[in-house]
Amino acid sequence: MLFQGGPRRIGDEVMTAWSQWEALGSPDLYDYGITVTPEEQWAWQGGPGGPRWPVAQVSPVVPVGR
């Protein structure tokens with residue numbers, strides 16, 4: 001049983017990710033990686049050319065006092 005609330009449907013996102021993981025043959029933790037370029041970031045499975053998912057862009061940190 002899954003209860004959801006708030007602005008995002010986190011439970012739906014988890015179930016989608018679980019289904020994708022199973023469809024990929026339930027790969028091990030070390031079958032994943034992350035590639036970062038100046039233009040974009042993505043997580044991948046099996047290798048940089050394999051299935052990939054965008055990584056959310058983080059806002060730059062601005063030091064306090066500037």
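Biologist: Before we start, what does "partly exposed" mean here?

Modeller: Buried means under 20% relative accessible area and exposed means over 50%. Whatever falls in between is called partly exposed.

Biologist: Thanks! Is tryptophan 18 buried, exposed or partly exposed?

Modeller: This is a predicted model, so its values are computed from predicted coordinates. Tryptophan 18 has a relative accessible area of 46%. Because that value lies between the two cut-offs, tryptophan 18 is partly exposed.

Biologist: How confident is the predictor, and which element has the highest mean pLDDT?

Modeller: The protein averages a pLDDT of 87, and 91% of the residues score at least 70. Among the elements, β3 has the lowest mean, 89. The highest mean, 93, belongs to β1.

Biologist: Which residue forms an aromatic pair with tryptophan 18?

Modeller: The structure holds two aromatic pairs. In the one with tryptophan 18, the ring centres are 5.0 Å apart and the planes meet at 55°, which makes the pair tilted. Both residues lie in helix α1 (residues 10–23), three residues apart, about one turn of the helix. The partner is tryptophan 21.

Biologist: Why might residues with that spacing point the same way?

Modeller: Residues three or four places apart in an α-helix point the same way, because each turn has 3.6 residues.

Biologist: And how many residues apart in sequence are the parts tied together by tyrosine 32 and tryptophan 53?

Modeller: Tyrosine 32 and tryptophan 53 form a tilted pair, 6.4 Å centre to centre with 40° between the planes. Tyrosine 32 lies in strand β1 (residues 32–36) and tryptophan 53 in strand β3 (residues 52–54), so the pair joins parts separated in sequence by 21 residues.

Biologist: Which residue lies over the face of tryptophan 42?

Modeller: Look for a side chain placed 3.9 Å from the ring centre of tryptophan 42. That residue is arginine 52.

Biologist: How far apart are the end C-alpha atoms of α1?

Modeller: Helix α1 has 14 residues, and at 1.5 Å a residue it should span 20 Å. The model agrees, because the end C-alpha atoms of α1 are apart by 20 Å.

Biologist: Which residue forms a salt bridge with arginine 9?

Modeller: Side chains of opposite charge can pair when their charged atoms come close. The structure holds two salt bridges. One of them joins glutamate 13 and arginine 8 at 2.5 Å, N to O. In the bridge of arginine 9, the closest N and O atoms are 3.5 Å apart, and the partner is aspartate 12.

Methods:
Residues numbered from 1 in each chain as written. Predicted model: local features only at pLDDT ≥ 70, side-chain atom pairs only at ≥ 80, totals over all residues. Heavy atoms only, no water. Phe/Tyr/Trp six-rings, centres within 6.5 Å; stacked < 30°, edge-to-face > 60°. Helix = DSSP H or I, 4+ residues; strand = E, 2+ residues; numbered from the N terminus. Buried < 20%, exposed > 50% of the residue type's maximum accessible area, 1.4 Å probe, protein only. Lys NZ or Arg CZ within 6 Å of the ring centre and 35° of its normal. Expected span 1.5 Å × (residues − 1). pLDDT = per-residue confidence, 0-100. Salt bridge = Lys/Arg side-chain N within 4 Å of Asp/Glu carboxyl O.
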